[in-house]
Amino acid sequence: MAESIKEEIKVVAVFDRGLKPVKFRWRGRLYIITEVTHTWSSRHGASGILHYAVTDGATLFELAYNQSTMRWSIEASE
Amino acid sequence: MHVDMNAFFASVEQRCDPALRGKPIAVVGSAKRTVVTTASYEARKLGVKTGMNKFEAKKACPSLILVIGDNRKYIDASVRILEILKSFSPKVEAYSIDEAFLDITGCLKPFGSPEALARAVKERIREGVGLTCSIGIAPNKLLAKLASDMQKPDGLVIIDEAGKAKLLEDLPVGELWGIGPRLTEHLGRLGVKTCGQLGRFPASVLRERFGIIGERLRLMGQGVYSSEVVPIGQEEEAKSVGHSTTLPADTSEKAEIKRYLLKLSEMVGARAREHCLKGGKVCLTIRYPDFYTFSRQRTLPVHTNDTRAIYASALAILESMRLRTAVRLLGVSISALAKGSGQMALFEEDRRREKLLEAMDEVNRSFGEYTVTWGTLLDEGGGSEDDTGVISPAWRPVGVKRVNVK
């Protein structure tokens, strides 16, 4: 079951037919994203949020990008 | 053409998490007393059904993986699928979050045949959203829906005029869209078991037994159905705005019930205000633990979308009745809707209340729901922040029926 986290993180991302996260640092460790399994969007008030289900090959994470604040967060991990 | 997404919520979750693919999973809500909203095909094979509670589902399939649903994912996928469908036909009806009808009359030329068009739709959905669907193509919505149900998952069935009589002859009436278990039972008592029999049954007897729908039932038995595809945005105006919630535990506690009523009234009021609707009637729905459900309504002196007026009316209904037992579910809705802002409030106090609500709505629109809310709702109860709610079958991608659920 997914564990809710909601912490801000640093992400390296590329623009390739949309915004795509490539790697991120969380709690001092660097995670290389091997697959973006699914993406979806939602709204929080006036802010558009892009959600990414990503895996480093071992663990599944949910990352979110707030288009208004331009900040990344890790929302959950398996 | 009818497009039915296969085990939609479960398929989205399996798409998100590769570890769930090929495994029996069931999507459930986050509330304590949740039920299975969708089971994967792997779980269905092992006896898991929609509507089972967690314990029943686990009993049927001990290896079942329960996944708490995330409605934002499903709404996003649904909207993306509808966008894809709109690129094939201008007439797309969003029938529910995971089903749509398309009128493909006049859209076949670039594809050559209905089958080629359907295959292109499937390919685009698979490519764009990563999901499979079953498609039914037929001369009308009734038969198209029947066709899409005939082959799952990832099916494609075409019923044409020439083949429909043979198909319907021995088809049980309960297989038809709109004929549920009770109607099937009633028809059975008349000796009508198959669509063939229904299509030949005297219309006068059906009319006498079932009233206005009698004639329509006979036509359905013949595969005749006149309802058109209603494009998105051209649906009938909503007749009511309502919300309901199953409580985490049955309760007779008045204070707790009142908190839920206030929260539901705020949800109803906020959605009505967003769409400039005001209600002339307030309806309170209560379900007891034995699932006995009833509603009582009250006519308001003036149309309103003011949370406090809705709450006061719902509360007055509650106070006027004696609850025979604890409450399992509460629902609040407004009906007799009127569009527009109506007459300007006469008294200063009323105008200030309107301005207060406008300001609250504005803050919540900018910073998210419940950024500013009623103090009473900040106490315990009245619905946890983490409750995700359930997407209603009446959900639509645009308009007042687009309910935001977490």
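**Helix H4 and the sheet of chain B**

Biologist: Which residues of H4(B) are buried?

Modeller: This is a predicted model, in which local features need pLDDT of at least 70, side-chain atom pairs count only at pLDDT 80 or more, and totals for chains, interfaces and linings use all residues. Residues are numbered from 1 along each chain as its sequence is written, while chains are lettered from A and ligands numbered from 1 in the order in which they are written. With buried taken as 20 or more other C-beta atoms, placed from the backbone, within 10 Å of a residue's own, the buried residues of H4(B) are Asn71(B), Lys73(B), Tyr74(B), Ile75(B), Asp76(B), Ala77(B), Ser78(B), Ile81(B) and Leu85(B).

Biologist: Which strand of chain A helps to cover the buried residues of H4(B)?

Modeller: Within chain B, the cover includes S1, helix H1 (8-16), S5, S6 and helix H5 (114-129). From chain A, the cover includes strand S4 (35-44).

Biologist: What is the strand order of the open sheet in chain B?

Modeller: Strands are DSSP runs of E with at least two residues, numbered from the N terminus, and two of them pair if DSSP finds at least two bridges between them. The pairing in this sheet of five strands is mixed, and the order is S5-S6-S1-S7-S8.

Biologist: Which strands are the edge strands?

Modeller: An edge strand here pairs on one side only. The two are strand S5 (92-96) and strand S8 (156-158) of chain B.

Biologist: Which residue stands opposite Gly136(B)?

Modeller: Strand S7 (residues 133-137) of chain B pairs with S8(B) in the parallel sense over three bridges. Opposite Gly136(B), in S8(B), stands Val157(B).

Terms used:
Helices (H or I, at least four residues) and strands (E, at least two) are DSSP runs, numbered from the N terminus. A residue is buried if 20 or more other C-beta atoms lie within 10 Å of its own, exposed if 12 or fewer, and partly exposed in between; C-beta atoms are placed from the backbone. Two residues are in contact if their C-beta atoms, placed from the backbone, lie within 7 Å.
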